[in-house]
Amino acid sequence: MEKLKSIIPDRIKRTIEESGPEDLPSTCSTLLHWCLQTPLFHKILGELAGSDTALCGKNMEAALDFKRQGNSFFTKGDYASALHFYSKALRLAPIDAQDMEKNLVATLYVNRASSLYKMDRLVECLRDCNRAIVISPSYAKAWYRRGVANAALGNNHHATCDLKISGILEPSPSGKGHVERELKETRDKCRNKSSSVVHQDGRSQSCIDEKPKMKLNIVHTPTKGRGLTTEVDIPEATLVHTEQPYAMIILKRFRDTYCHYCFKELPVDVNPCPSCSIPVYCSQDCQLRAGGMFERNIPKSNSIHKSIPDELQKHIAEVIVTDRCKLDDNHFAEHRHECKGVNWPAVLPPDIVLAGRILCKAKHLADSFEHQIALDLAHNYAQTTPEDKLEFHIYAIVLLSCLQQSHDPKIQPDGVLIAQLVILISQIKVNSMAVVHMKSTDINVAPGESRAGGPSSSTLEQIRVGQAIYLSGSLFNHSCQPNVHAYFISRTLFVRSTKFVAAGCTLEISYGPQVGQWDLKDRQQRLHNDYSFECQCEGCVDLNLSDLVLNAFGCADRSCSGVVLEIGAAEYEKKRLRALQSSPNTSPSKQLQQHQTSRKEDIYYMACHMLTHESNQIKPGYCLNCGSHLDLEVAHIKMYEAEIPISRLQDAIDSEKLQINVLADAVRSFKLLKSVLHQYNKRIAEVLDILSQAFCLIGDLEAAIRYCKSSIEILEKLYAPDHIVIAYELWKLSSIQLAHGNSIYADSFKGVRLILSRYFGSQMEMILPQLESYTQQPC
């Protein structure tokens with residue numbers, strides 16, 4: 001796109017860069033006319049949407065090559081590698097391809113099922129057998145493998161039926177004899193042991209089905225526009241909202257590890273799209289919901305051997321419909337218009353592909369592209385940067401042209417339709433929510449279990465796997481100190497209160513970094529760049545002591561606990577103080593009194609000088625408490641010197657090749673860093689955490705625990721003791737304590753559960769199933 005952008009005439013660029021929403025039909029029409037006369041545009045369009053250049057379609061030769069590699073590894077007994085190559089072959093195999101007079105896809109599913117069986121992944125083996133049978137109901141080997149898996153699972157009745165069907169369908173005498181022997185063993189087991197069909201635990205579904213118990217009302221505020229509130233008091237940890245997405249898209253780097261529909265981590269038996277090689281799914285259900293029902297790929301059960309008895313015919317029918325989901329007539333299959341093997345869904349940015357899904361959903365609901373693409377969402381096109389305005393125009397024209405060429409020739413791009421798409425892209429930019437999933441490291445390692453190089457510690461992190469539009473969810477306003485928390489289970493958005501919210505108060509989530517994560521200057525700049533507004537939340541308007549120390553230097557007089565700010569932070573704090581001094585309702589003295597009552601800590605006293613002097617006393621490089629001067633240039637040089645060994649230590653931890661001298665250098669550098677930065681500077685906490693990881697790796701768990709606790713003490717002052725970030729750190733601490741055999745881990749873990757229950761309520765264990773393994777550990 002950069003080449004195309006570079007040759008657009010300056011006259012057209014200037015018109016677009018200076019445009020407002022009302023100018024879009026004209027600017028879009030002008031750029032479209034230029035594009036249609038430009039050879040480079042048609043070349044790009046051919047590469048993105050042309051069938052002759054499509055690289056994302058099926059490829060039988062490549063699939064057969066991967067199958068041969070899988071067979072080779074299976075013969076060698078390397079079943080994990082065989083599984084890997086069979087899965088790659090399935091992603092590329094055409095659904096109707098034949099290999100040695102058998103359906104290639106069905107064969108690959110059976111081969112992968114054999115690998116899964118050897119790896120003792122019986123449930124996954126059973127699912128692959130079902131998939132093979134849906135495609136080829138008369139495939140004797142699929143029924144045999146299913147029978148063996150069911151027998152191993154204790155599903156003896158199903159195993160008997162499967163093996164009987166396999167025996168009838170098996171053409172060779174030797175094969176029939178093999179099936180008969182297996183069937184005899186299964187019957188013997190039936191006599192000695194009752195059948196026990198594996199059932200799914202229903203508790204998870206009840207957690208998903210939790211519903212809000214109050215009605216949300218839309219309100220209009222002078223500073224934030226529309227927002228949401230309720231007419232009743234909301235207790236802490238109350239579910240206030242759930243919603244399914246209007247449209248969503250997975251991010252590129254998670255395409256091979258997360259389901260493209262439900263966004264769950266992929267199982268080992270991934271389910272590929274039957275028509276292209278881009279998406280993979282965790283189940284047949286997700287594949288059908290994303291791509292629609294492919295009836296042509298599902299043979300009817302009566303097409304198999306006519307000599308099969310009626311009771312077995314019934315069993316066959318039950319197996320074939322097991323993975324089918326019932327779709328509503330209005331269901332929009334979000335991937336179907338992309339499912340042509342063309343390149344644009346894989347190449348264009350995710351937010352542009354998301355715009356394509358919204359556009360096609362509008363057509364699906366209205367049965368016409370003449371319908372207005374009108375989502376009731378705010379946009380900031382007028383405040384968008386000139387570069388983004390030009391980019392929105394180009395991508396809108398490219399996307400519509402790709403859809404016209406690869407999906408629906410009836411689409412006729414014109415100035416009006418392109419203008420609507422430009423606004424839609426702008427709406428996506430400011431309204432799409434990052435779909436975040438919780439993930440624990442060492443997820444396959446039991447708590448306290450060792451790994452190579454030293455005892456294992458476990459950490460929690462948030463993984464942004466996709467982005468989505470939630471029409472009602474977009475109405476929640478932002479706060480840097482939010483009172484509700486948004487999280488996701490599969491595709492569903494959940495919003496839960498994290499503190500008591502009085503009736504009539506606005507419900508606010510966080511759009512980005514919160515107080516304690518970034519300081520005032522960085523938060524304001526991020527929100528302005530991404531959303532074009534200046535945040536007026538309590539965390540930005542009222543006194544916030546965390547902002548003072550988060551990136552601060554310490555006083556040159558080390559006996560003083562005062563704060564030294566750099567020029568950027570100092571200017572933002574002066575601006576905030578001037579606003580406080582001009583407001584009688586939020587005067588500095590009142591703010592000071594509130595904090596004196598609620599937080600009698602050292603951090604409170606650091607702000608005393610700032611609040612009791614005029615704002616012009618806040619000078620970069622000068623202590624806010626005693627006024628001492630600190631040479632910021634010298635301080636930065638010392639910081640740089642200290643960071644080099646610490647960076648080297650982080651690299652050693654990442655590679656798990658830690659040498660004692662590298663750790664010793666980092667410990668010395670940390671002392672230098674502490675002599676420059678304020679004691680509550682967030683970087684101090686981060687380096688303490690790095691040192692904790694390092695000592696954990698070399699087996700010095702007492703030191704690891706000590707450094708981890710010191711890091712948490714700082715973070716509790718920057719955030720709050722009950723913030724979710726503290727739960728992440730306590731999780732890490734408890735895992736180290738458990739590895740050390742320290743019974744105090746139970747207290748740390750209790751703190752984890754208390755905090756997480758505020759954020760996730762009854763769904764806590766569902767979001768983090770690892771909690772159960774910690775709970776079961778003896779104290």
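## Exercises: strands, cores and cysteines

Let's kick off with a central strand: 8 bridges join strand β9 (residues 433-440) to β12, and the two run antiparallel. Before going on, note that this is a predicted model, where local features need pLDDT of at least 70, side-chain atom pairs count only at pLDDT 80 or more, and totals for chains, interfaces and linings use all residues. Residues are numbered from 1 along each chain as its sequence is written, and side-chain values use heavy atoms, with hydrogens and water left out.

**Exercise 1.** Work out in which order the strands of the sheet around β12 lie.

*Solution.*
- Step 1: get the terms straight. Strands (E, at least two residues) and helices (H or I, at least four) are DSSP runs, numbered from the N terminus. Two strands pair if DSSP finds at least two bridges between them.
- Step 2: look at β9. Its His-437 has Ile-463 of β12 as bridge partner.
- Step 3: look at β6 (residues 247-250). This strand is joined to β12 by 4 bridges, again antiparallel, and Ile-250 has Gly-466 as its partner there.
- Step 4: put it together. The order is β6-β12-β9, an open sheet of 3 strands with antiparallel pairing. The edge strands, β6 and β9, each pair on one side only. From one strand to the next, the twist averages 40°; axes here are lines fitted to C-alpha atoms (for helices over the stretch in contact), with angles from 0 to 180 degrees between N-to-C directions.
- Step 5: check the cover on β12. Of its 10 residues (460-469), 7 are buried, where buried means under 20% relative accessible area, exposed over 50% and partly exposed in between (1.4 Å probe, protein chains only).

**Exercise 2.** Find which strands stand at the edges of the sheet that contains β15, and say why they count as edges.

*Solution.*
- Step 1: write down the order. This open sheet of 3 strands runs β5-β15-β14, with antiparallel pairing.
- Step 2: pick the ends. β5 (239-243) and β14 (484-489) are the edges because each has a single partner strand, so one side of each has no neighbour in the sheet.
- Step 3: add the turn. On average, neighbouring strands here are turned by 20° against each other, direction ignored.
- Step 4: zoom in on one pair. β5 and β15 (residues 492-497) share 4 antiparallel bridges, and Glu-243 stands opposite Leu-493.

**Exercise 3.** Describe the surroundings of Lys-499.

*Solution.*
- Step 1: place Lys-499 in the loop between β15 and β16 (508-509).
- Step 2: check its cover. With a relative accessible area of 35%, Lys-499 is partly exposed.
- Step 3: list its contacts (heavy atoms within 4.5 Å). Not counting residues up to four places away in sequence, Lys-499 touches Ile-234, Pro-235, Glu-236, Gln-481, Pro-482, Asn-483 and Arg-758.
- Step 4: take one distance. His-485 is 14 residues away along the chain, and its C-alpha atom is 9.8 Å from that of Lys-499.

**Exercise 4.** Count the disulfides, then explain why Cys-623 is not bonded to Cys-555.

*Solution.*
- Step 1: apply the cut-off. A disulfide is a pair of cysteine sulfur atoms within 2.5 Å, and the count comes to 0.
- Step 2: try Cys-480. The nearest cysteine sulfur, in Cys-540, is 3.6 Å away, and Cys-480 is in no disulfide. Cys-480 is buried, at 1% relative accessibility.
- Step 3: try Cys-623. Its closest cysteine sulfur, in Cys-555, is 3.8 Å away, so the two are too far apart for a bond. Cys-623 counts as buried because its relative accessible area is 3%.

**Exercise 5.** Find which residues have the most contacts inside the largest nonpolar core.

*Solution.*
- Step 1: define the core. It is a set of buried Ala, Val, Leu, Ile, Met, Phe, Trp, Tyr and Cys residues joined through side-chain atoms within 4.5 Å.
- Step 2: read off the leaders. The largest core has 83 residues, and Leu-565, Leu-649, Leu-691, Leu-756 and Phe-760 have the most contacts inside it.
- Step 3: follow one of them. Beyond residues up to four places away in sequence, Leu-691 touches Leu-649, Leu-663, Ala-666, Val-667, Phe-670 and Tyr-707.
- Step 4: look elsewhere. Apart from this core lies another of 54 residues, among them Tyr-381, Leu-390, Leu-399 and Ile-418.
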